[in-house]
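Here is a short tour of one protein chain, written for someone who likes to check geometry by eye. Have a look at the sequence and the model, and then read on.

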Amino acid sequence: MARYTGPQCRLCRREGIKLYLKGDRCYTGKCAIDRRPYPPGAHGQARRKISEYGLQLREKQKARRIYGVLETQFRNYFERAERQPGITGENLLRLLERRLDNVVYRLGLATSRMEARQLVRHGHFTVNGRKVNIPSYLVRVGDVIAVREKSKDSPRIKELLERAADRTPPPWLEYEENQAQGRVVALPTRDQIDTPVQEHLIVELYSR
């Protein structure tokens, strides 16, 4: 499956905000956007006037990079969101939030979505008792996401489980520490999604 493999910090600098793509590093003084708060490249510090189209494009790119999806996949999510009843922008964010790698991250079982994607690909999680190694798998209400029994002996998984106990998942998820599993109790509403994206600009971009 295709994925971006270039420098992560460069993406944050390009969008002008922390996308928290590298987990713990983003909270330290080593964060690139704290040290160099301007776009990458030779002309990154030049002042530029951004057009309306430019603003829309940046919001789309920001959303793609936060959730770690490529252009074609993102477009497919948008088209699916358009077909659903309700507000297209909110439907889009709801679909992205329901990705298995994002749910693992939201439950605190990974320090970043990139790490969550890797853990899912390596088969460390089950959904309703069955191993799922597809990061884009969309969870549903009532689904139980758990760490595989064989994976609980992994030093990294043990560390993540300890950290998850201190984190509070969003209201649409529940985490059961003693079972090392989470449950989807509802679909997320817009006010429960803290992603710093103006989704109406994405809708405007694709509506051109």
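## Order of the elements

Reading from the N terminus, the elements follow the order α-α-α-α-α-α-α-β-β-β-α-β-β-α. That gives nine helices and five strands in the chain. Please keep in mind that this is a predicted model.

## The chain as a whole

Of the 208 residues, 48% count as buried. The chain exposes about 11500 Å², and carbon and sulfur atoms supply 47% of that area.

Contacts tell a story of their own: among those in the chain with a separation of 6 or more, 56% are between residues 24 or more positions apart.

## A mostly covered helix

Helix α5 spans residues 88-97 and is mostly covered, with nine of its 10 residues buried. The buried set includes the leucines Leu-92, Leu-93, Leu-95 and Leu-96. Arg-94 and Glu-97 are also among the buried residues of α5, as are Thr-88, Gly-89 and Asn-91.

What do these buried residues pack against? Their partners are α3 (52-67), α4, α6 (100-106), α7 (113-121) and α9.

## Where α5 meets α9

One of those partners, α9, deserves a closer look. The two helices α5 and α9 pack at an angle of about 110°, and their axes are 8 Å apart. Angles of 65 to 115 degrees count as roughly perpendicular, so α5 and α9 are roughly perpendicular to each other.

On the α5 side, the residues in this meeting are Thr-88, Gly-89, Glu-90, Leu-92 and Leu-93. On the α9 side, they are Glu-199, Ile-202 and Val-203.

## Aromatic rings

A search of the whole structure finds two aromatic pairs. In one of them, Phe-78 and Tyr-206 are tilted, with 4.6 Å from centre to centre and 40° between the planes. This pair links distant parts of the chain: Phe-78 belongs to helix α4 (residues 71-83) and Tyr-206 to helix α9 (residues 199-206), 128 residues apart.

Are Phe-78 and Tyr-206 buried or exposed? Both are buried. Ring pairs also bring in Phe-74, which joins Phe-78 and Tyr-206 in a cluster.

## Charges over rings

Two arginines are worth finding in the viewer. The charged end of Arg-113 sits over the ring of Tyr-67, 4.8 Å from the ring centre. Likewise, Arg-167 has its charged end over the ring of Tyr-105, 5.6 Å from the centre of that ring.

Key
Residues numbered from 1 in each chain as written. Predicted model: local features only at pLDDT ≥ 70, side-chain atom pairs only at ≥ 80, totals over all residues. Heavy atoms only, no water. Phe/Tyr/Trp six-rings, centres within 6.5 Å; stacked < 30°, edge-to-face > 60°. Helix = DSSP H or I, 4+ residues; strand = E, 2+ residues; numbered from the N terminus. Buried < 20%, exposed > 50% of the residue type's maximum accessible area, 1.4 Å probe, protein only. Lys NZ or Arg CZ within 6 Å of the ring centre and 35° of its normal. Contact = heavy atoms within 4.5 Å. Areas by Shrake-Rupley, 256 points an atom, 1.4 Å probe, with all protein chains shown as cover. Axes fitted to C-alpha atoms, helices over the stretch in contact; angles between N-to-C directions. Parallel < 35°, antiparallel > 145°, perpendicular 65-115°, else oblique.
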